[in-house]
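Please open the structure in your viewer and keep the sequence panel beside it, since each stop on this tour begins with a selection. The stops go from the whole chain to single residues and back out to groups of side chains.

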Amino acid sequence: MAAIPPMSMWISTDANEKECSYCHLEDFEGKKFKTIIPHSAGRKCVGLTCGYLILFGRKTKDFWLVNPITRHELHFPYFPFDFDDFRNSKVRVILVFSPLVSGWLLVISECYARKIWFSIAGKGEWNHVSFSSTFYIIDSHVF
């Protein structure tokens with residue numbers, strides 16, 4: 001995959017609440033591909049991390065991460081904190097692999113806050129870390 005040039009991608013918006021959305025891909029040679037995005041009904045795509053589309057359930061408040069190429073999926077349960085709007089770009093969602101727990105973690109932070117939430121894939125719970133520092137979290141990156 002590293003040797004493949006970037007692809008153009010867009011998600012269809014014509015799916016209703018009972019259907020899945022489609023991911024449309026176009027490679028550098030103009031070849032077009034279309035794939036179903038599972039668990040997309042009633043969800044909003046709020047970002048992209050590590051090749052996974054981040055789908056947030058409007059009613060269920062859970063996260064499904066779906067890789068549109070491999071179709072690999074990760075599920076993270078009901079999120080206990082209320083994010084009304086991802087459009088304001090104040091919420092950061094990032095996926096990291098932790099060798100310490102030998103698993104994927106979904107890490108969520110809100111700009112100008114002092115708390116980070118995380119969930120280990122398959123564990124079914126959210127944990128948080130609060131900072132008592134005078135500094136606020138502005139962004140997050142994984143190295």
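What follows is a short series of selections, each with a note on what is there.

**Whole chain.** Begin with a cartoon of everything, bearing in mind that this is a predicted model. The protein has 11 strands and zero helices, so that the cartoon, read along the sequence, follows the pattern β-β-β-β-β-β-β-β-β-β-β. If you then colour by accessibility, 36% of the 143 residues count as buried, while the protein exposes about 9,300 Å², of which carbon and sulfur atoms supply 57%. A contact map adds a further view: among contacts with a separation of 6 or more, 28% are between residues 24 or more positions apart.

**Arg-43.** Next select residues 43-49, which form strand S4, and show the side chain of Arg-43, which lies in this strand. Is this arginine buried or exposed? Arg-43 has a relative accessibility of 14%, and because buried means under 20%, Arg-43 counts as buried. Now display Asp-62 as well, whose side chain is joined to that of Arg-43 by a polar contact of 2.7 Å. Expanding the selection around Arg-43, and leaving aside residues up to four places away in sequence, you will find that Arg-43 touches Leu-55, Phe-56, Gly-57, Arg-58, Thr-60, Asp-62 and Trp-64.

**Aromatic rings.** One of those neighbours of Arg-43, Phe-56, leads to the next stop, where Phe-56, Phe-63, Phe-76, Phe-79, Trp-117 and Trp-126 should be selected together, as ring pairs link these residues into a cluster. A search of the whole structure finds seven aromatic pairs. In one of them, Phe-97 and Trp-104, the ring centres are 5.4 Å apart and the planes lie at 75°, so the pair is edge-to-face. Both partners can be checked against the accessibility colouring: Phe-97 is partly exposed at 46% relative accessibility, and Trp-104 is likewise partly exposed, with a relative accessible area of 28%.

**A nonpolar patch.** Finally, switch to a surface representation and select Met-7, Phe-33 and Ile-69, which make a nonpolar surface patch of about 250 Å². Where in the chain does Ile-69 sit? Ile-69 is found in the loop between strand S6 (63-66) and strand S7 (73-76), and with a relative accessible area of 41% this residue is partly exposed. That value is compatible with membership of the patch, because patches are made of residues with over 30% relative accessible area.

Definitions and conventions
Residues numbered from 1 in each chain as written. Predicted model: local features only at pLDDT ≥ 70, side-chain atom pairs only at ≥ 80, totals over all residues. Heavy atoms only, no water. Patch = residues over 30% accessible without salt bridge, like charges linked within 9 Å, V, L, I, M, F, W, Y side chains within 5 Å. Areas by Shrake-Rupley, 256 points an atom, 1.4 Å probe, with all protein chains shown as cover. Salt bridge = Lys/Arg side-chain N within 4 Å of Asp/Glu carboxyl O. Helix = DSSP H or I, 4+ residues; strand = E, 2+ residues; numbered from the N terminus. Buried < 20%, exposed > 50% of the residue type's maximum accessible area, 1.4 Å probe, protein only. Polar contact = N/O pair within 3.5 Å; in protein donor to acceptor, adjacent residues only side chain to side chain. Contact = heavy atoms within 4.5 Å. Phe/Tyr/Trp six-rings, centres within 6.5 Å; stacked < 30°, edge-to-face > 60°.
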